[in-house]
Amino acid sequence: VQRVAASATVEEPEALAARYLRDAAIAVVPGARSILGRAFAGSSNAAMALHLDELAAAGFKKVLVFCNARNAVERYAAALPGVTRFGEHVYAHHGSLAKHRRERAERLFQSAP
């Protein structure tokens, strides 16, 4: 049986592969641009809005927010449009969304200035 695991957001892929797979071969594809990241430990909608506003004030034009649970993605996506400096440009994206909703979010995010 062959197993393939893929992720765009793993900090230590070797450690994760060793945890779940035997004799894993790691393939890392370098990106064409660097991606900056900042940790956020809050959980309230207000704290997230403040954090996003701070990122916007620091010059960030687009922000991806990774959550530990899908319900957090849905909660923030429902609460934050129109509340931060990103205006209405807040989109939910996770594997349980219908394909057309995921693709719409990807298209809108990619085309945003």
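**Figure 1. Tyr20 is found in helix 1, which covers residues 13–20.** You are looking at a predicted model, in which local features need pLDDT of at least 70, side-chain atom pairs count only at pLDDT 80 or more, and totals for chains, interfaces and linings use all residues. Residues are numbered from 1 along each chain as its sequence is written, and side-chain values use heavy atoms, with hydrogens and water left out. Helices here are DSSP runs of H or I with at least four residues, strands are E runs of at least two, and both are numbered from the N terminus. Tyr20 has a relative accessible area of 54%, so this tyrosine counts as exposed. For all the views, buried means under 20% relative accessible area, exposed over 50%, and partly exposed in between, with a 1.4 Å probe and protein chains only.

**Figure 2. Tyr20 shares a nonpolar surface patch with Val10 and Leu16.** Together these three residues offer about 270 Å² of accessible area. Such areas come from the Shrake-Rupley method with a 1.4 Å probe, and for residues only the protein chains shown count as cover. Patch members have over 30% relative accessible area and no salt bridge; nonpolar side chains (Val, Leu, Ile, Met, Phe, Trp, Tyr) are joined within 5 Å, and like charges within 9 Å. Val10 sits in the segment before helix 1. With a relative accessible area of 31%, Val10 is therefore partly exposed. To place this residue in the wider model, look for His100: the two are 90 residues apart in sequence, and their C-alpha atoms are 26 Å apart in space.

**Figure 3. Asp23 has a positive phi although it is not a glycine.** The angle is about 50 degrees. You will find Asp23 in the loop between helix 1 and helix 2. This aspartate counts as exposed because its relative accessible area is 81%.

**Figure 4. Ten residues make up the largest nonpolar core.** They are Met48, Ala49, Leu52, Leu55, Ala56, Phe60, Ala72, Tyr76, Leu80 and Phe86. A nonpolar core is a set of buried Ala, Val, Leu, Ile, Met, Phe, Trp, Tyr and Cys residues joined through side-chain atoms within 4.5 Å. Helix 2 (45–57) and helix 3 (70–79) are the elements that give two or more residues to this core. Of the elements, helix 2 gives the most, with five residues. In soluble globular proteins, nonpolar side chains tend to be buried together.

**Figure 5. Ala46 lies in helix 2, and its C-alpha atom is 9.8 Å from that of Tyr76.** Along the chain, Ala46 and Tyr76 are 30 residues apart. While Tyr76 is part of the largest nonpolar core, Ala46 counts as exposed because its relative accessibility is 58%.

**Figure 6. Thr84 sits in the loop between helix 3 and helix 4 (99–111).** At 9% relative accessibility, this threonine therefore counts as buried. Setting aside residues up to four places away in sequence, Thr84 touches Ala49, Leu52 and Asp53. Contact here means heavy atoms within 4.5 Å. Now take the view from Ala49: without its neighbours within four places in sequence, this alanine is in contact with Leu80, Val83 and Thr84.

**Figure 7. Glu103 and Lys99 meet in a salt bridge through their side chains.** The N to O distance is 3.9 Å. A salt bridge is a side-chain nitrogen of Lys or Arg within 4 Å of a carboxyl oxygen of Asp or Glu, and a search of the whole structure finds one. Both partners lie in helix 4, four residues apart, about one turn of the helix. Glu103 is partly exposed because its relative accessible area is 36%, whereas Lys99, at 54%, is exposed. Side chains of opposite charge can pair when their charged atoms come close.

**Figure 8. Stepping back, the chain holds four helices and zero strands.** From the N terminus on, the elements run α-α-α-α. Along its principal axes, the C-alpha trace spans about 50 × 30 × 30 Å. Of the 113 residues, 18% count as buried. The accessible surface comes to about 9300 Å², and 52% of it belongs to carbon and sulfur atoms. Among contacts with a separation of 6 or more, 45% join residues 24 or more positions apart. The average pLDDT, the predictor's confidence in each residue from 0 to 100, is 88 for the chain, with 99% of the residues scoring at least 70. Among the elements, helix 2 has the highest mean pLDDT (95) and helix 1 the lowest (88).
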